[in-house]
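Let's take a walk through this protein together. Have the 3D view open and turn it as you read.

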Amino acid sequence: MSTHIAAEPGQIAATVLFPGDPLRAKWIAENFLDDAELYSETRGMLGFTGTWQGHRISVQGSGMGQPSMAIYANELFDSYDVQTVVRVGSCGALTDRIGLRDIIIANGACTDSGINRVRFHGQDYAPVADFSLLRAAVEASERMTLDSAVHVGLLFSSDQFYSTRPELTEPFVDHGALAVEMETSGLYTLAAYRRRRALSICTVSDHLVTHEETTALEREQTFGDMIELALRAATA
Ligand code: HPA
């Protein structure tokens, strides 16, 4: 057991899908994994292990934001020797080049978070995806018939969902950020530190330029495509 995960050593697979929402973890386990078993429900942050096409896979909720995500990522890496983490999340589009329901494979992430400033003594670190996972995800997306467009580019990992100063996001958009979410920058940083593989794939659930939003049913459908893509990349 680690501080926030109630699994015994060996109960968590080397490869983990990492949604923010613990109920999404349950949905993934029920809809994609064979013989899935719950290994932790501490603080309601559900984790399951099962198999997908013969590969042992776990799916662990991360919670929202970098502080919560970092607790689970650190414990997965340090206490359970997890080697590969693929975040499967949602994001808000920041540019009209991106459409609602599109899938973004993040090659890197900018942030407004203070976490990396503390970690790097005020200097700027560039958190990037593991290249083998990134390549596998792009190749898998090219082989799949997807209803949504797939983009490879930068996410902006914000510490605030409800920002009072949205104009602070503008320079990031001007320099290529496609969408905002709240976890990827921290995940890529921790994985690099521990020499593990991490990738973040997000579907666009809402659009900050056009103000469109997906319905719950649409989110489920697009989410399914993204999970299939993530599983293919993680097991390639
Ligand atoms: N902001 C931050 N995180 C998000 C958003 C958003 O608009 N949409 C989905 N995740």
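We'll start with the whole chain, move on to its nonpolar cores, and finish with a couple of individual residues.

One thing to keep in mind: what you're looking at is a predicted model. The chain is built from seven helices and nine strands. If you lay the C-alpha trace along its principal axes, it spans about 45 × 45 × 30 Å. Is that what a compact globule would give? For 236 residues, such a globule would have a radius of gyration near 18 Å, and the chain comes in at 17 Å, so the two agree.

Plenty of the chain is tucked away: buried residues make up 54% of the 236. On the outside, the chain exposes about 11200 Å², with carbon and sulfur atoms supplying 50% of that. As for charges, there are 18 positive and 31 negative ones, and their mean positions sit 6 Å apart. Now think about who touches whom. Among contacts in the chain with a separation of 6 or more, 77% are between residues 24 or more positions apart.

Next, the inside. The largest nonpolar core has 66 residues, and the members that touch the most others are Ile12, Ile28, Leu199, Ile201 and Ile227. Helix 7, running over residues 216–235, gives the most to this core, with eight residues. Apart from that core lies another one, of five residues, including Cys110, Phe156, Ala177 and Val180.

Ile201 is a good one to click on. Setting aside neighbours within four places in sequence, Ile201 is in contact with a list of residues that includes Val86, Val88, Ile103, Ile105, Ala137, Met226 and Leu229.

Leu229 turns up again when you look at Ser141, which sits in helix 4 (residues 131–143). Beyond its neighbours within four places in sequence, Ser141 is in contact with Leu146, Val150 and Leu229. Buried or exposed? Ser141 has 12% relative accessibility, so it counts as buried.

Last stop: Pro127, in the loop between helix 3 (115–119) and helix 4. Even in that loop, Pro127 counts as buried, because its relative accessibility is 6%. What does Pro127 touch, not counting residues up to four places away in sequence? The partners are Gly108, Ala109, Asn116, Ser185, Tyr188 and Thr189. You can also look across from Pro127 to Gly176: these residues are 49 apart along the chain, and their C-alpha atoms are separated by 15 Å.

Note on methods:
Residues are numbered from 1 along each chain as its sequence is written. This is a predicted model: local features need pLDDT of at least 70, side-chain atom pairs count only at pLDDT 80 or more; totals for chains, interfaces and linings use all residues. Side-chain values use heavy atoms; hydrogens and water are left out. Helices (H or I, at least four residues) and strands (E, at least two) are DSSP runs, numbered from the N terminus. Buried means under 20% relative accessible area, exposed over 50%, partly exposed in between (1.4 Å probe, protein chains only). Contact means heavy atoms within 4.5 Å. A nonpolar core is a set of buried Ala, Val, Leu, Ile, Met, Phe, Trp, Tyr and Cys residues joined through side-chain atoms within 4.5 Å. The radius of gyration is taken over C-alpha atoms; the globule rule is 2.2 Å times the number of residues to the power 0.38. Accessible areas come from the Shrake-Rupley method with a 1.4 Å probe; for residues, only the protein chains shown count as cover. Lys and Arg count as positive and Asp and Glu as negative; His and the chain ends are not counted. The place of a charge is taken as NZ of Lys, CZ of Arg, CG of Asp or CD of Glu.
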